[in-house]
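Trainee: Please take a close look with me at a single part of this model, the way its strands are arranged, and follow it to whatever is connected with it. I would like one continuous account rather than a list.

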Amino acid sequence: MIEARIFNLERFALDDGPGIRTIVFLQGCPLHCPWCSNPESQPFAGGYMRSVSDIMDEVERDKGYYDASGGGVTFSGGECLAQPQALLALVKEAKSRGIQTALETTVSASQDTILKLLPYVDLWLIDIKHTDAESLKKTTGLDFEFYSRNIDLIDPEKIVLRRPCIPGFNMETKQFEDAFNFALNKGIRRMDLIPFHTLGAEKYRRMGKEYPYGHVPSLDKKTLESFKDLGISIGIDTRIL
Ligand code: SF4
């Protein structure tokens, strides 16, 4: 019996892929983004174990809604690719039950892991935090070359890039431009802009952890309108989530 370590399962979600979806949050993340709104997801030892079949039984309960709305299941995190065996079993099981699959990820995993997942994943929702290798590495721990090579393994038509828009990190026009051009060069047609929010602040307080972004106000979606227009002018279907 294969088990996954998860920390949450959310039904009737609308933002992480098309249609009505169930989001399964896998525990553990190798990165350390200081704005992270799910700090409880980072340690690999947290969360709880649940069998793949048990998780998928719960996911399958809403299959009628998925079929009617073009939805399905999204595996998120933490970093869902950090549990490669469990994730592979989950997406295989989803496909065998006729459920559409999406991953929400930073593609922070071996090439072998990604290649094995490819046949069972309908949509890759991939974070693009920064295209400057030094800033990305220093702030989040992610290696840009490694990230970029992993993206090349995936059919660009199956990728939506998601750009968290973080004050003091990636809000300059040139940084948006670089992200849109990165997408264009990879043949990726869509990018979602996600405004920074402070919804995770309470979690840090409860965990007794300092929140490095505690003093930064949430971003108004209107702030991103001009960047959305910039993306569209570059040829990327850009939306604000
Ligand atoms: S990749 Fe996501 S889950 Fe991991 S630290 Fe960054 S924001 Fe948090």
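Mentor: When an angle is quoted here, each axis is a line fitted to C-alpha atoms, for a helix over the stretch in contact, and the angle, between 0 and 180 degrees, is taken between N-to-C directions. With that convention, and keeping in mind that the model is predicted, helix α9 (residues 225-234) lies across β8 (190-195) and β9, and runs at about 165° to β9.

Those two strands belong to an open sheet of nine strands with mixed pairing, whose order is β3-β1-β2-β4-β5-β6-β7-β8-β9. β3 (48-51) and β9 (237-240) are its edge strands, each pairing on one side only, and neighbouring strands are turned against each other by 30° on average, direction ignored. In general, strands of a sheet pair through backbone hydrogen bonds, in either the parallel or the antiparallel sense.

Within this order, the stretch from β5 to β7 deserves the closest reading. Strand β5 (residues 101-105) runs parallel to strand β6 (residues 123-127), and four bridges join the two; Ala102 has Leu123 as its bridge partner in β6, while Leu103 has Trp124. On its way from one strand to the other the chain passes through helix α4 (residues 111-117), and β5, α4 and β6 together make a right-handed β-α-β unit. β6 also pairs in the parallel sense with strand β7 (residues 159-165), again over four bridges, and there the partner of Asp127 is Arg162.

The loop between β5 and α4 holds Val107, which counts as buried because it has 23 C-beta neighbours inside 10 Å, where 20 or more are required. Leaving aside residues up to four places away in sequence, Val107 touches Leu81, Ile114, Ile126, Tyr147, Asn150 and Ile151. The C-alpha atom of Val107 is separated by 9.0 Å from that of Cys80, although the two residues are 27 residues apart along the chain. The backbone of Val107 also merits a check, with phi near 50°, a positive value in a residue other than glycine.

A positive phi, near 60°, is likewise found at Phe12, which sits in strand β1 (residues 3-13). Phe12, however, counts as exposed because it has 11 C-beta neighbours inside 10 Å, and 12 or fewer is the limit for that class.

Another backbone detail leads to the ligand. Gly77 and Gly78 are joined by a cis peptide bond with omega of about 15°, and Gly78 lies in the loop between β4 (72-76) and α3 (84-96). Both glycines are among the residues that surround the ligand, together with Glu79, Thr106, Cys29, Leu31, His32, Cys33, Cys36, Asn38, Ser41 and Gln42. By class, this shell comprises four nonpolar, seven polar and one charged residues.

Terms used:
Residues are numbered from 1 along each chain as its sequence is written. This is a predicted model: local features need pLDDT of at least 70, side-chain atom pairs count only at pLDDT 80 or more; totals for chains, interfaces and linings use all residues. A residue is near a molecule or strand if its C-beta atom, placed from the backbone, lies within 6 Å of it. Ala, Val, Leu, Ile, Met, Phe, Trp, Tyr, Cys and Pro count as nonpolar, Asp, Glu, Lys and Arg as charged, and the others, Gly among them, as polar. Two strands pair if DSSP finds at least two bridges between them. A crossover is right-handed if, with the strands pointing away from the viewer, the path from the first strand over the helix to the second runs clockwise. Two residues are in contact if their C-beta atoms, placed from the backbone, lie within 7 Å.
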